[in-house]
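Colleague: Before I use this model for any setup work, could we go through its local geometry together, one feature at a time?

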Amino acid sequence: MLKRAKKEEIYYFCPVHKKYRFLMNPKYLILTEGFTNPHVAKTARNVLLYRPESVIALLDKYNRDRISRELLNAGGVPIVADFNDAPAADTLLIGIATPGGVLPQKLRYRIFEAIERKMNIVSGLHHFLSDDPEISSKARAAGIKIDDIRKTDFTGVAHRKGINPKCLRIETVGNDCSVGKMIVCLEVQKYLLEKGYNAGFAATGQTGIIIAGKGIPVDAVRGDYISGSAEKLVLENQHHDFLFIEGQGSLVHPRYSAVSIGLLHGAMPQGLIMCYEMGREFIHGLDGVKIPPLRDVINLFECSAANLFKTKVIGIAINSRKHNEKDAAAEREGIKKLTGLPACDVIRDGPEELGEAVLSYSRKLR
């Protein structure tokens with residue numbers, strides 16, 4: 001459903017949140033100031049990769065006159081220091097994902113500048129701008145829209161009813177956070193779509209929701225309702241023959257394991273794609289907490305589901321962005337021998353091997 005709101009503004013209707021959100025054709029100025037790197041600015045990078053037509057420029061006074069591709073290896077838009085340098089933008093997108101989802105204090109003035117220019121604001125932080133007294137009052141006075149992607153009042157437990165067995169559910173999981181689970185979903189989905197299959201994507205994180213236009217931010221859902229939110233996503237997307245479910249965190253990450261297990265049990269995937277970053281030895285953000293061997297992580301995910309439903313890891317997605325071609329190729333062959341599974345870097349090698357693994361697994365199940 002579409003609804004014409006203000007003049008020249010058309011919003012998507014999000015069935016999960018039961019409200020209109022997201023400009024249908026936004027023109028984003030993406031705020032990454034002081035954080036324009038692939039890790040912290042992963043929201044900016046992935047929107048550049050998967051919604052490039054929506055991005056006018058990045059806003060970062062420390063990297064003015066550079067190009068996004070130089071710092072994020074994505075897109076070809078300019079990095080500007082001032083709003084005047086991107087006059088066509090109508091929406092300020094907060095393009096960073098900070099630890100704990102906090103808003104850096106030094107960026108508040110940029111939000112006030114956007115409000116003064118009557119730009120809509122989209123944020124995926126846990127710090128809800130619409131609940132910030134100063135920001136929200138200025139936004140109301142200016143008549144602009146703030147969309148906090150992670151703000152959800154979802155309630156509902158899992159019931160394990162009405163699941164369509166003809167929809168093959170594949171979840172991307174990982175041995176740590178920020179290893180590329182969403183990108184793997186989107187790349188393998190794209191591969192199947194290009195081959196003529198009916199493949200869908202269920203977004204569970206802020207960036208995925210911005211790209212897809214809908215989804216549930218499972219890390220912002222109350223603990224009892226995480227599995228219910230994952231199940232709801234499945235029920236709303238199981239008209240596809242293949243459904244790729246964006247994983248979150250990791251069962252071995254001390255901070256985010258609760259979200260990972262709730263999502264796994266609620267989505268009930270028949271197959272898993274294990275994602276990891278080549279060369280990473282320690283849990284991100286927790287110095288000294290070593291990542292277990294990949295085979296152990298695979299076993300943990302399969303066993304964590306076993307009492308409720310059968311699932312298995314059917315392929316390995318390697319994030320080799322920090323390494324050269326030769327080393328990445330050696331890693332790929334080594335992981336194939338170690339696990340006996342198809343393995344590739346969906347960006348460096350393309351998603352074909354994992355896409356074919358999904359199709360092969362589907363034929364076996366049927």
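Colleague: Which residue caps the N-terminal end of α10?

Modeller: This is a predicted model, in which local features need pLDDT of at least 70 and side-chain atom pairs count only at pLDDT 80 or more, while totals for chains, interfaces and linings use all residues. Residues are numbered from 1 along each chain as its sequence is written, and side-chain values use heavy atoms, with hydrogens and water left out. Helices (H or I, at least four residues) and strands (E, at least two) are DSSP runs numbered from the N terminus. A side-chain oxygen lies 3.2 Å from the backbone nitrogen of lysine 326, and the residue that supplies this oxygen and caps the helix is asparagine 324.

Colleague: What distance does α10 reach from its first C-alpha to its last?

Modeller: Helix α10 covers residues 325-339 and has 15 residues. The expected span, defined as 1.5 Å times one less than the number of residues, is 21 Å for α10, and the model is close to that, with a reach of 21 Å.

Colleague: How wide an arc do the buried residues of α10 cover around the axis?

Modeller: Here buried means under 20% relative accessible area, exposed over 50% and partly exposed in between, with a 1.4 Å probe and protein chains only. The buried residues of α10 are Ala328, Ile335 and Thr339. They lie on the same side of α10 because the arc, taken from the directions from the helix axis to the C-beta atoms, is only 25°.

Colleague: Which residues of α10 are exposed on the other side, and which elements do the buried ones pack against?

Modeller: The exposed residues on the other side of α10 are Lys326, Ala330 and Lys337. Packing is judged by contact, meaning heavy atoms within 4.5 Å, and the buried residues of α10 pack against β13 (271-277), α9 (294-306), β14 (312-319) and β15 (343-344).

Colleague: Which residue follows α10, and what is its phi?

Modeller: The helix is followed by glycine 340. The phi of glycine 340 is positive, near 70°.

Colleague: Where do positive phi values occur in asparagine 73 and lysine 118, residues other than glycine?

Modeller: Asparagine 73 has phi near 55° and is exposed at 55% relative accessible area, while lysine 118 has phi near 60° and is likewise listed as exposed, at 55%. Asparagine 73 is found in the loop between α2 (68-72) and β6 (79-80), and lysine 118 in the loop between α3 (108-116) and β8 (120-123).

Colleague: How many disulfides does the structure hold, and why is cysteine 167 not bonded?

Modeller: A disulfide is a pair of cysteine sulfur atoms within 2.5 Å, and the structure holds 0. Cysteine 167 is buried, with a relative accessible area of 1%, whereas cysteine 303 is exposed at 56%. The sulfur of cysteine 303 is 19 Å from the closest cysteine sulfur, in cysteine 275, too far for a bond. Cysteine 167 is not bonded because the closest cysteine sulfur, in cysteine 185, is too far away, at 13 Å.

Colleague: Which residues form the aromatic pair, and is it stacked or edge-to-face?

Modeller: Rings of Phe, Tyr and Trp (its six-membered ring) pair if their centres lie within 6.5 Å, with planes under 30 degrees apart counted as stacked, over 60 as edge-to-face and the rest as tilted. A search of the whole structure finds 1 aromatic pair, formed by tyrosine 197 and phenylalanine 242 at 5.7 Å centre to centre, with 85° between the planes, and thus edge-to-face.

Colleague: How many residues apart in sequence are the parts that this aromatic pair ties together?

Modeller: Tyrosine 197 is partly exposed at 33% relative accessible area, whereas phenylalanine 242 is buried at 3%. Tyrosine 197 lies in the loop between α5 (181-194) and β11 (199-202) and phenylalanine 242 in strand β12 (residues 242-245), so the parts tied together are 45 residues apart.

Colleague: Which residues does serine 362 contact beyond its neighbours within four places in sequence?

Modeller: Serine 362 lies in helix α11 (residues 352-365) and is buried, with a relative accessible area of 4%. Leaving those neighbours aside, serine 362 is in contact with Leu168 and Phe242.

Methods:
Polar contact = N/O pair within 3.5 Å; in protein donor to acceptor, adjacent residues only side chain to side chain.
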